[in-house]
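Please open the model in your viewer and keep the selection tool at hand. We will walk through it stop by stop.

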Amino acid sequence: MPFGRLPVMVFTCVCLLVPLVSMAQEAVFIIRHTEQAVDGEDPPLTDIGHQRAARLPSVLRDAGIRAIYTSEALRTIQTAQPLAKGLAIDSRIVPRREMEALVRRLAVEHTQDRVLIVSHSQTIPVLLKALGHTAEVSIPRDEYGAVFLVFPRQRMPPVVVRFNF
């Protein structure tokens with residue numbers, strides 16, 4: 001089985017095992033941007049980062065994503081670009097200081113949707129907490145390709161599955 005199908009299989013298995021009485025989205029995929037250059041105020045992706053980002057369409061093309069959000073940082077925009085192009089979806093930019101507002105926006109604008117958010121190692125824990133995840137999450141600065149698949153549930157913490165691509 002190709003590795004690209006693994007996330008879709010995980011998503012399908014969790015859907016079958018978890019009752020999805022959702023307070024907002026059906027699922028939220030949160031991805032840390034891929035490898036970035038070390039220099040500059042707003043560093044772009046490295047060649048390796050672009051290669052990893054180019055794999056996103058094969059990993060998530062069948063996941064049913066209907067909206068993509070990134071921060072204003074070039075590296076998140078570049079990470080989302082191949083999938084956005086493959087799905088013919090325009091990415092929406094939300095400043096990283098507004099992650100909690102983004103979660104509120106999702107609950108209003110994306111009821112029952114599957115949404116992708118491309119963010120940063122420091123803001124992903126904020127997003128997860130705003131979505132109701134109670135466990136502490138940390139992402140090392142040198143870890144790229146982390147994916148958190150979040151299934152919101154009514155009156156309960158969400159189910160969160162973490163994997164890498």
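With the whole protein selected, begin with how much is hidden: of its 165 residues, 50% count as buried. Keep in mind that this is a predicted model. The exposed surface comes to about 8400 Å², and carbon and sulfur atoms supply 54% of that area.

Now switch to a cartoon view. You will find 5 helices and 6 strands, and from the N terminus on they follow the order α-β-α-β-α-β-α-β-α-β-β. If you look at contacts between residues at least 6 apart in sequence, 66% of them join residues at least 24 apart.

**First stop: a pair of helices**

Select residues 47-60, which form helix α2, together with residues 74-87, which form helix α3. Their axes come within 8 Å and cross at roughly 35 degrees, and the crossing is right-handed. To see what fills the meeting point, show side chains. From α2 come His50, Ala53, Ala54, Leu56, Pro57 and Leu60, and they meet Gln78, Thr79, Pro82 and Leu83 of α3. Sorted by class, this contact has 7 nonpolar residues, 3 polar ones and no charged ones.

**Second stop: the two sides of a helix**

Move on to residues 99-109, helix α4. Which residues of α4 are buried? They are Met99, Leu102, Val103 and Leu106. These four cover an arc of only 100 degrees around the axis, so they sit on the same side of α4. An α-helix has 3.6 residues a turn, so residues three or four places apart point the same way. Turn the view to the other side of α4, and you will meet Arg104 and Val108, which are exposed. Next, add β2 (65-70), β4 (114-119) and α5 (124-130) to the selection: the buried residues of α4 pack against these elements.

**Third stop: His120 and Thr76**

Select His120, in the loop between β4 and α5. Is His120 buried or exposed? With a relative accessible area of 1%, His120 is buried. Leaving out residues up to four places away in sequence, His120 touches Arg32, His33, Ser71, Ala73, Arg75, Thr76 and Arg96.

From that list, pick Thr76, which belongs to helix α3. Thr76 counts as buried too, at 0% relative accessibility. Its contacts, apart from neighbours within four places in sequence, are His33, Thr70, Ser71, Val118, Ser119 and His120. Try a distance label here: the C-alpha atoms of Thr76 and Val118 are separated by 5.6 Å, although the two residues are 42 residues apart along the chain.

**Fourth stop: three loops**

Go to Pro140, in the loop between α5 and β5 (146-153). Pro140 is partly exposed, with a relative accessible area of 39%. Its C-alpha atom is separated by 7.2 Å from that of Ser121, 19 residues apart along the chain.

Then select Gln112, in the loop between α4 and β4. The phi angle of Gln112 is near 65 degrees, a positive value in a residue other than glycine. Gln112 is partly exposed, at a relative accessible area of 44%.

End the tour at Arg155, in the loop between β5 and β6 (156-164). Here, phi is near 60 degrees, again a positive value in a residue other than glycine. Arg155 counts as exposed, with 76% relative accessibility.

Note on methods. Residues are numbered from 1 along each chain as its sequence is written. This is a predicted model: local features need pLDDT of at least 70, side-chain atom pairs count only at pLDDT 80 or more; totals for chains, interfaces and linings use all residues. Side-chain values use heavy atoms; hydrogens and water are left out. Buried means under 20% relative accessible area, exposed over 50%, partly exposed in between (1.4 Å probe, protein chains only). Contact means heavy atoms within 4.5 Å. Accessible areas come from the Shrake-Rupley method with a 1.4 Å probe; for residues, only the protein chains shown count as cover. Axes are lines fitted to C-alpha atoms, for helices over the stretch in contact, and angles run from 0 to 180 degrees between N-to-C directions. A crossing is left-handed if the near helix is turned anticlockwise from the far one by less than a right angle, and right-handed if clockwise. Ala, Val, Leu, Ile, Met, Phe, Trp, Tyr, Cys and Pro count as nonpolar, Asp, Glu, Lys and Arg as charged, and the others, Gly among them, as polar. The arc is that of the directions from the helix axis to the C-beta atoms.
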